[in-house]
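Thanks, everyone. I'll go through one structure this morning, taking the DNA first, then the symmetry, then the cavities.

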2 protein chains.
Amino acid sequence: MPTIREVAAYASVSAATVSRVMKGEVPVNAETRGRVEAAIAALGYAPNAFARSLASNRMGGVGLVISHLAGPFMGRVMMTLEATLRRANVSLLVASGGGEAGREQEAVDFLLGRRCDGLIVHADALSDAMLATLAATTPLVVFNRRVLEIDAHCIYLDNECGGYLATRHLLDQGHRHIACLTGPLRQQDAAGRLAGYQRALKERGIQVDEQAILEGDFTERSGEQGMAALLARAAPITAVVAGNDDMALGAMTILRARGVAIPQTLSLVGYDNEACARHVMPALTTVHAPLEEMAQEAAERLLKLVAGASLPAPTPFMPTLIERETVGPPLS
Amino acid sequence: MPTIREVAAYASVSAATVSRVMKGEVPVNAETRGRVEAAIAALGYAPNAFARSLASNRMGGVGLVISHLAGPFMGRVMMTLEATLRRANVSLLVASGGGEAGREQEAVDFLLGRRCDGLIVHADALSDAMLATLAATTPLVVFNRRVLEIDAHCIYLDNECGGYLATRHLLDQGHRHIACLTGPLRQQDAAGRLAGYQRALKERGIQVDEQAILEGDFTERSGEQGMAALLARAAPITAVVAGNDDMALGAMTILRARGVAIPQTLSLVGYDNEACARHVMPALTTVHAPLEEMAQEAAERLLKLVAGASLPAPTPFMPTLIERETVGPPLS
DNA sequence: CGCCATCATGAAACCGGTTTCATAAATACA
DNA sequence: TGTATTTATGAAACCGGTTTCATGATGGCG
């Protein structure tokens, strides 16, 4: 493993010149450059990443903090992030936090201790204040969440629009009694989806029935519980907007067990367009997020921030409705 | 951001002593140690990772090479890897290769260029020879694949056993005409599963019908094509062993379209126990791999290799059969 | 022809740890 | 009491790049 000085000696130049050739920016005589390049090739020289980092105080890598590594779409997000970053010759360090504030903070500290050049954070449990503080000292992109104080650092989906699209689709089919099974409302995405649901109803002059809104926690289990609770009510409903696909799946389990036909007796819309959504029976109508585009924008934005740019706030990404088989007109 | 020399000055000792206190192993006078620790606390000192890496020639992190980051179970694997590694204060760098040999090699080179202390490789496209060579120069763990020359570096599932379990389950139900829709047979996992299928049949004295073995590529699409081809044959079959759950899902799509009842007319077994498997109708009987345990063993083994240990070959991990609803006795 | 700007290059300092080696003090042993 | 051994510590070299600053060579311009 040759060092820069060995290359320099081989090419009869100084280490400084080899360094300049490696960078490529500063002017070097063509003949000299040729000799150096030949030496590099002959010796199979590759610069030592540690020495480079120490001298330049940049690590050449960014960190990714993720609440739920095993979540349904992290793979798609990471895939695009990794590809975009590597194209820029930047490596990706991953740390997970399991959705607990303490462990997520640990993950951040861990990556910061590794002197990452920047951070992409996809975490629920960290506070807005903490993220805003972090953004002041480190290039930071917040994924799938909006923090008002640092809008320019946030890549997120317009969840309100997604909730609206789902609900309006049901309204368009003629439904008037639509329940909503939400995620944890302290989380922004869940709250946004609910707001969209409410806007769609109001827009059509339909009174929002607070009893028909049940808060869950995005798990299948809570979808089951919510659906069971809705069925136990006296008030009739003909459709349900679920907080995400997992909750919708839970709801379907209950409906199947009770012999409620989908979509004949009850229509259902999910959110996220997980892999499963296409495969269940009937196939789940759901809301799709352009995750790959979001991830690419996140990576590119972070790279610019690392390079010192200051950027305007991005526009939110827009969800689309995927129509499948769980929605139909109400019985009558 | 104080340096070690500032801490040293504050505590009226030399940088060497501070370094020793940080490490904790070498003997330092209790009183001196106390002063140094106080200085560290007072100044909020944290050692510079680059300088440390440069001097010690260890980066304190390992690389993960993954063919398909968005695959159905990478999340579960990464989650356990990350947690195990971080407990040892080792960071995880991720690089993907999209299943192409060239890009996977690039990913390896990229991580090696970053001077990772070791590598976990979960890749189909890299050759056995390449991996064996790599293992000679770098601490390496190969995940979900067996390379005979470097058995001690491989963490893998006994796929032969998985194929056997799936097939024997069908045999136990009374099936005698069982087809097999395999993955790409140049891949070890697909070939292993097929071998298990064949062993189970032979064990019961059933002639293996080569016409009933169709090679696919683990995609849903190839499951559809395979199933269609099987239905087009004259020879009757009452059950199918699929190479993985995706192929089983594809097969189900075709069967549903043709009005073939599962499991009344045809039984079906998948492989991998993806999230979907529980949710499809009927719920898919499949083979489950203990991914978390495998990932933990992989991480721990790599850490030991990095530390310089030389280890005996691990025992293969054993799959289990998850019985759900796609298998029943044959009609007649 | 002489002066100043430009270009190409090398020497050396620097980044901030780790590690070796030497030394000084303390203890053990005869 | 004198020598051998252990223990604690500091000085300085070292890891391998980057970057600043100085110097020498070239060339343009009045």
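Let me start at the lysine: in the side chain of K23(B), an N or O atom sits 2.6 Å from a phosphate oxygen of DNA strand C. Keep in mind throughout that this is a predicted model.

Two other contacts to phosphate go with that one. T17(A) places a polar side-chain atom 2.5 Å from a phosphate oxygen of the strand. I4(B) uses its backbone instead: a polar backbone atom there is 2.5 Å from a phosphate oxygen of DNA strand C.

Which elements make up the surface near the strand? Those giving two or more residues are α2 (15-23) and α4 (49-56) from chain A, and α1 (4-10), α2 (15-23) and α4 (49-56) from chain B. In total, 27 residues surround DNA strand C, and T17(A), T32(A), I4(B), S19(B) and K23(B) are the closest. Sorted by class, that surface has 14 nonpolar, eight polar and five charged residues.

Now the strand's side of it. Of the atoms of DNA strand C within 4 Å of the protein, 59% are sugar or phosphate, and the rest belong to bases.

Next, the two protein chains. A turn of 180 degrees with a shift of 0.1 Å along the axis lays chain A on chain B, with an RMSD of 0.2 Å. Why does that matter for the description? Because this is the relation of a two-fold axis. The two copies also use the same surface, with 100% of the contact residues of chain A recurring in chain B.

On to the cavities. How many are there of 30 Å³ or more? The structure holds three.

The largest has a volume of about 190 Å³. Its lining has 14 residues, and nearest the centre are F50(A), M59(A), F50(B), S53(B) and M59(B). Both chains supply elements with two or more lining residues: α4 and β2 (91-96) of chain A, and α4 and β2 (91-96) of chain B. So far as class goes, the lining divides into eight nonpolar, four polar and two charged residues.

The second largest cavity holds about 70 Å³ of space. It is lined by 13 residues, with C180(A), R193(A), L194(A), A242(A) and G243(A) closest to its centre. The elements giving two or more residues here are β6 (178-182), α9 (188-203) and β8 (239-242) of chain A. Of these, α9(A) gives the most, with four residues. By class, this lining has eight nonpolar, four polar and one charged.

That's all I have.

Note on methods: Residues numbered from 1 in each chain as written. Chains lettered and ligands numbered in written order. Predicted model: local features only at pLDDT ≥ 70, side-chain atom pairs only at ≥ 80, totals over all residues. Heavy atoms only, no water. Near = heavy atom within 4 Å. Polar contact = N/O pair within 3.5 Å; in protein donor to acceptor, adjacent residues only side chain to side chain. Nonpolar A, V, L, I, M, F, W, Y, C, P; charged D, E, K, R; others polar. Least-squares fit on C-alpha atoms with pLDDT ≥ 70 in both. Contact = heavy atoms within 4.5 Å. 1 Å grid on protein atoms, 1.4 Å probe; cavity = no way out; pocket = protein on both sides within 12 Å on 5 of 7 lines; lining within 4 Å. Points joined across faces, edges and corners; volume = space filled by probe spheres on them.
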